Structures are given as C-alpha cells and as structure tokens.
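Visitor: Hi! I'm new to looking at protein structures. Could you walk me through this one?

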Amino acid sequence: MTEFRIGQGYDVHQIREGLPMWLCGVRIPSETGFVAHSDGDVALHALCDAMLGALALGDIGHLFPDTDPAYKGISSILLLKEVALKARDMGYVPANIDITIALQAPKLAPHIMKMREEIARALDIDVSKVSVKATTTERLGFVGRGEGCEVWVVVLLEKIFLSN
Ligand code: MG
C-alpha cells in the first residue's frame, strides 16, 4: 500500500538593492535581491520547510541555523539536497510539488521552466512533478511595495522504499 505524507512551507525574505536574487536555484537578473544569511533563495527555503513538515522533522532554521558560519552564503540547492536525503532515508520521495511565489518585480515568467528544471534535478525527480507559479499582489502590502518576497509550498511525499 502506498503511503503519503503532505507538507506545507512558507517563507519571506526582505528585498534590498544590490543583493543577488536567487529563486528556485536560478539567478534572476535584477537590481534588487534578498537579505539572508544563505543565498536567500526564499522559494527553496519554503520547499525545504514543506518537505521537513511532511516528515515532521522540524524546520530549516533548526536544521541549518543562521548563527552557524558554515551556512553563510551557502547555495540553498545544497540545503534542499540535504533535506531530500533525509526524506529518502525515511523511504520518501516527492510525488509532486506546488510552489507559489509572490513578488512585485521583476517578472518571473521567463524563468519558470528553468526553476522547475533546477528543482527536479536537485531532487532527482521528473520535471512534470514540479510546479512553480508566480504572482504579484497588485501593488498591495509589503510584497506590492517591493519590500519583500513571499512563498508558499505544498509537497506530497510518497513512500517508495520499504523500511522497517
Ligand atoms: Mg529563509
């Protein structure tokens, strides 16, 4: 019998001028980027939290403390791969992932396919299992004022390995 576990993740990062903007493992051409201890990939942080949530393994801040110099500037793809290893250790792989990014600017449409491919490659799953959607907030709230980026993720994990 197939066993499933569902998880949701949420993250916000502040936006500031002159910082790199990484989303879903893709460097987005932009004058602004995300304030962070790591590379600031707010989408991958939410994805890590969704997977950790599905497994009831805590959260990304617990696993990779931002007080630890080892994680300064680290690529969030590496964090995601580490979370994926934990999932596989428990017998789980993502059945599908759905990511929603709220960002006022720049437009993300040209980068969506690359984002899906980067995540699929990091998790060693088919790109058809990875959905990335982007929206503005019609200039409302902190996202609309360009002060931050907000991301929600839902992930379904499927048990494919036997464990006892
Ligand atoms: Mg974060």
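Visitor: Where is H45 found?
Guide: H45 is found in helix α1. Keep in mind that this is a predicted model.

Visitor: Okay. And is H45 buried or exposed?
Guide: H45 is buried, because its relative accessible area is 7% and buried means under 20%.

Visitor: What does H45 touch, if we skip residues up to four places away in sequence?
Guide: With those left out, H45 touches D11, H13, S38, D39, G40, I60, S76 and L79. Two of those, D11 and H13, are buried as well.

Visitor: There's a magnesium ion too. Which residues are its protein donors?
Guide: The protein donors are D11 through OD, H13 through NE2 and H45 through ND1. They lie 2.1 to 2.3 Å from the magnesium ion.

Visitor: What spacing do the donors follow along the chain?
Guide: The pattern is D-x1-H-x31-H.

Visitor: Let's talk pockets. How much space lies in the largest one?
Guide: The largest pocket holds about 300 Å³ of space. There are 14 residues lining this pocket, and the closest to its centre are H13, H45, I60, F64 and D66. So you meet two of the magnesium donors again there, H13 and H45.

Visitor: Which helices and strands supply the lining?
Guide: β1 (4–17), α1 (42–55) and α2 (60–63) each supply at least two residues of the lining.

Visitor: What classes of residue are in that lining?
Guide: The lining has six nonpolar, five polar and three charged residues.

Visitor: New topic: the largest nonpolar core. Which residues touch the most other members?
Guide: L23 and I101 do, in a core of 48 residues. Several elements each supply at least two residues of this core: α1, α3 (76–89), β5 (92–102), α4 (112–123), β6 (130–135) and β7 (148–159). The largest share comes from α1, with eleven residues.

Visitor: Why would nonpolar side chains be buried together?
Guide: That is a general tendency: in soluble globular proteins, nonpolar side chains tend to be buried together.

Visitor: Back to L23, then. What does L23 touch?
Guide: Not counting residues up to four places away in sequence, L23 touches I28, F34, D41, V42, A43, I101, L103, L108, M115 and C149. I101, which you just met as a well-connected core member, is on that list.

Visitor: I'd like to look at the backbone now. Which peptide bond is cis?
Guide: The one from A105 to P106 is cis, with omega near -5°. P106 is found in the loop between β5 and α4.

Visitor: And what is the phi of E138?
Guide: E138 has a positive phi of about 55°, although it is not a glycine. R139 also has a positive phi, near 65°, and is a residue other than glycine.

Visitor: Where do those two lie?
Guide: E138 lies in the loop between β6 and α5 (141–144), and R139 has its place in the loop between β6 and α5 too.

Visitor: Are they buried or exposed?
Guide: E138 is exposed, with a relative accessible area of 65%. R139 is exposed as well, at 61%.

Visitor: What about I6, buried or exposed?
Guide: I6, in strand β1, counts as exposed because its relative accessibility is 61% and exposed means over 50%.

Visitor: How far is I6 from L157?
Guide: Their C-alpha atoms are separated by 6.1 Å, while the two residues are 151 apart along the chain. Leaving aside neighbours within four places in sequence, I6 is in contact with A54, V154, V155 and L156.

Visitor: One last residue: where is L55, and what does L55 touch?
Guide: L55 is found in helix α1 and counts as buried at 4% relative accessibility. Outside residues up to four places away in sequence, L55 touches R5, A87, M90, Y92 and L157. L55 and R5 are 50 residues apart in sequence and 7.0 Å apart in space, C-alpha to C-alpha.

Technical notes:
Residues are numbered from 1 along each chain as its sequence is written. This is a predicted model: local features need pLDDT of at least 70, side-chain atom pairs count only at pLDDT 80 or more; totals for chains, interfaces and linings use all residues. Side-chain values use heavy atoms; hydrogens and water are left out. On a 1 Å grid over the protein atoms alone, a cavity is a set of points where a 1.4 Å probe fits but cannot get out, and a pocket is an open set with protein on both sides within 12 Å along at least five of seven lines; lining residues have an atom within 4 Å of a point. Grid points are joined across faces, edges and corners, and a volume is the space filled by probe spheres set on the points. Helices (H or I, at least four residues) and strands (E, at least two) are DSSP runs, numbered from the N terminus. Ala, Val, Leu, Ile, Met, Phe, Trp, Tyr, Cys and Pro count as nonpolar, Asp, Glu, Lys and Arg as charged, and the others, Gly among them, as polar. Buried means under 20% relative accessible area, exposed over 50%, partly exposed in between (1.4 Å probe, protein chains only). Contact means heavy atoms within 4.5 Å. Donors are N, O and S atoms within 2.8 Å of the metal (3.2 Å for Na, K and Ca); water is not among the atoms, so sites may look incomplete. A nonpolar core is a set of buried Ala, Val, Leu, Ile, Met, Phe, Trp, Tyr and Cys residues joined through side-chain atoms within 4.5 Å.
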